[in-house]
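Here are my notes on the model, set out point by point. Please read them with the coordinates open.

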Amino acid sequence: MTSADDLLETVANDPAGVLLALDFDGTLAPIVVDPTTAGVHPRSLAALDRLGPRLGGLAIITGRPVEQVRRLGDFDAHPGLHELFVRGQYGAERWSPATGVVEGADRHDVVDRLVADLPGLLSAWGAPEALVEDKGLAVAVHTRGLTPAAAAAVIDPLRDLARSLELTFEPGRQVYELRSASITKSDALLDVVAGLAVHTVVFAGDDLGDLPAYDALDDLASRGVATLKVCSASTEQDALVARADLVLDGPDGIADWLTELADLVDPVDAAV
Ligand SMILES: [Mg+2]
C-alpha cells in the first residue's frame, strides 16, 4: 500500500503511472431516493475532467449498467473523460474508449421472470412500495424510503429467492440485487489494470460490493503495486472503514480530495 500523502506526491510527479478507479453511487454521486435521478457531484466531475488526460487510467466500476452510468455521469460531454473506462454491473459489462461499445450487456431470461414476479412477492412480504429495477443482467430491489420494518422484511426472502434461482445475492445500501453474473469488482478492477502500464492503483468506494475491489488492491500490493484504498464514508455502511487507507466524508469529501488531486496535475486552473 501507499499513503494518502504518498499518493499526492506520485500524482504530482508521475500521474501517468496512476490508475484511479471509482465507484459511482455513494462515492461520485450522492445517494438519492430515486436512483434514476442520481448524478456525479459537480466538483468531482470537474476534477475528473482535469485528471482524465493526465493520469495513466481513469475508471468507473459500478453496479449500474454501463449505459445508465454513462448517461447519468454525462461523461461524453467532458473532453477529459473521453478515455474513461467504465465497468458496469460489477464488471459483467465493459465499455472502453477503444471500442466505444458495451460488451457483455445481453439480457438474462431470469431477469424477465423476476421483473414480472417481484411486485407480487414484495406485496406478500409486506413491502409493496419497494422499487424493482430491471438492470438487464440483474434485478435490484430498492428499499430507501420504506419503513424500517418493511425494509427489513424483504431481506431474507430475497436472499432465499436468489439461492433458489442460483443467482448472486448482492446487498447494498438500501438496495438488494439478484445478479445473474457472479463477477465482482475485483475481477473488474484487475481487468482494467491488466491493460495499463501503471505502478499505482487507487480505488474509492462506499458499499459492501466494493470490498472485492479492496481485495484486488491487496492482491496487487502483494505483487509490488502501490495501492490506496479510499472509503467514501456514510452513516449507512461502515464495513469499509477498517480496511481503508483513507476515509473521506461521503461524496462531498471525495469531491474535495479529487479537486486536490486535480490541482496537482492542472495547476493553472488551481490559481483561483
Ligand atoms: Mg456505491
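The points below cover the metal site, the domains, the salt bridges and two arginines.

1. Status of the model. The structure is a predicted model. Every value below is computed from it and should be read in that light.

2. Metal site. The magnesium ion has donors from three residues, namely Asp23 (OD), Asp25 (O) and Asp206 (OD), at 2.1 to 2.2 Å. Asp25 is listed with O, whereas Asp23 and Asp206 are listed with OD. Along the chain the donors fit the spacing D-x1-D-x180-D. Asp23 sits in the loop between strand S1 (18–22) and helix H2 (42–51), and Asp206 in the loop between strand S10 (200–205) and helix H8 (211–222). These two residues are 183 residues apart, so the pair links distant parts of the chain.

3. Burial at the metal site. Are Asp23 and Asp206 buried or exposed? Asp23 has 5% relative accessibility and therefore counts as buried, the cut-off being under 20%. Asp206 is also classed as buried, at 2% relative accessibility.

4. Domain layout. The chain is divided into domain 1 (4–104 + 184–270) and domain 2 (109–179). Domain 1 is thus given as two segments, because the assignment places 109–179 in domain 2. The C-alpha centres of the two domains are 27 Å apart.

5. Domain interface. How many residues of domain 1 are in contact with domain 2? The count is 22 residues of domain 1, against 15 residues of domain 2. About 1,400 Å² is buried between domain 1 and domain 2, and carbon and sulfur atoms give 51% of that area. On the domain 1 side, the residues losing the most area to domain 2 are Gln89, Tyr90 and Glu236, which together make up 35% of what that side buries.

6. Polar links across the interface. Between domain 1 and domain 2 there are 3 salt bridges. The count of residue pairs in polar contact between the domains is 7, with both residues at pLDDT 80 or more. Glu236, already named for its lost area, forms a salt bridge with Arg173 at 2.8 Å, N to O.

7. Helices H2 and H9. The count of salt bridges comes to 23. One of the pairs is Arg43 with Asp256, whose side chains meet at 2.6 Å, N to O. Arg43 belongs to helix H2 and Asp256 to helix H9 (residues 250–265), and the two are 213 residues apart. Arg43 is partly exposed at 38% relative accessibility, as is Asp256 at 45%. A salt bridge also joins Arg50 and Asp263, with the closest N and O atoms 2.8 Å apart. Since Arg50 lies in helix H2 and Asp263 in helix H9, this pair ties together parts that are 213 residues apart in sequence. Both of these pairs therefore run between helix H2 and helix H9.

8. Arg50. Which class does Arg50 fall into, buried or exposed? Its relative accessibility is 17%, and Arg50 therefore counts as buried. Its partner Asp263 has 29% relative accessibility and counts as partly exposed. Not every long separation in sequence is bridged at Arg50: the C-alpha atoms of Arg50 and Ser234, 184 residues apart along the chain, are separated by 27 Å.

9. A further pair and a network. The side chains of Arg223 and Asp219 meet in a salt bridge at 3.3 Å, N to O. Arg223 is exposed at 55% relative accessibility, while Asp219 is partly exposed at 31%. Salt bridges with shared partners also join Arg144, Arg173, Asp206 and Glu236 into one network. Asp206 in this network is also a donor to the magnesium ion.

10. Arg87. This residue is part of strand S3 (residues 85–88). Arg87 is buried, with a relative accessible area of 4%. A polar atom of the Arg87 side chain lies 3.3 Å from the backbone oxygen of Trp95. Leaving out residues up to four places away in sequence, Arg87 touches residues including Ile60, Ile61, Thr62, Val66, Glu93, Arg94 and Trp95. Its contacts also include Ala188, Asp191 and Val192.

Key
Residues are numbered from 1 along each chain as its sequence is written. This is a predicted model: local features need pLDDT of at least 70, side-chain atom pairs count only at pLDDT 80 or more; totals for chains, interfaces and linings use all residues. Side-chain values use heavy atoms; hydrogens and water are left out. Donors are N, O and S atoms within 2.8 Å of the metal (3.2 Å for Na, K and Ca); water is not among the atoms, so sites may look incomplete. Helices (H or I, at least four residues) and strands (E, at least two) are DSSP runs, numbered from the N terminus. Buried means under 20% relative accessible area, exposed over 50%, partly exposed in between (1.4 Å probe, protein chains only). Contact means heavy atoms within 4.5 Å. Buried area is the accessible area (1.4 Å probe) that two parts lose on being put together, summed over both. A salt bridge is a side-chain nitrogen of Lys or Arg within 4 Å of a carboxyl oxygen of Asp or Glu. A polar contact is a pair of N or O atoms within 3.5 Å; within protein, one must be able to donate a hydrogen and the other to accept it, and residues adjacent in sequence count only if both atoms are side-chain atoms.
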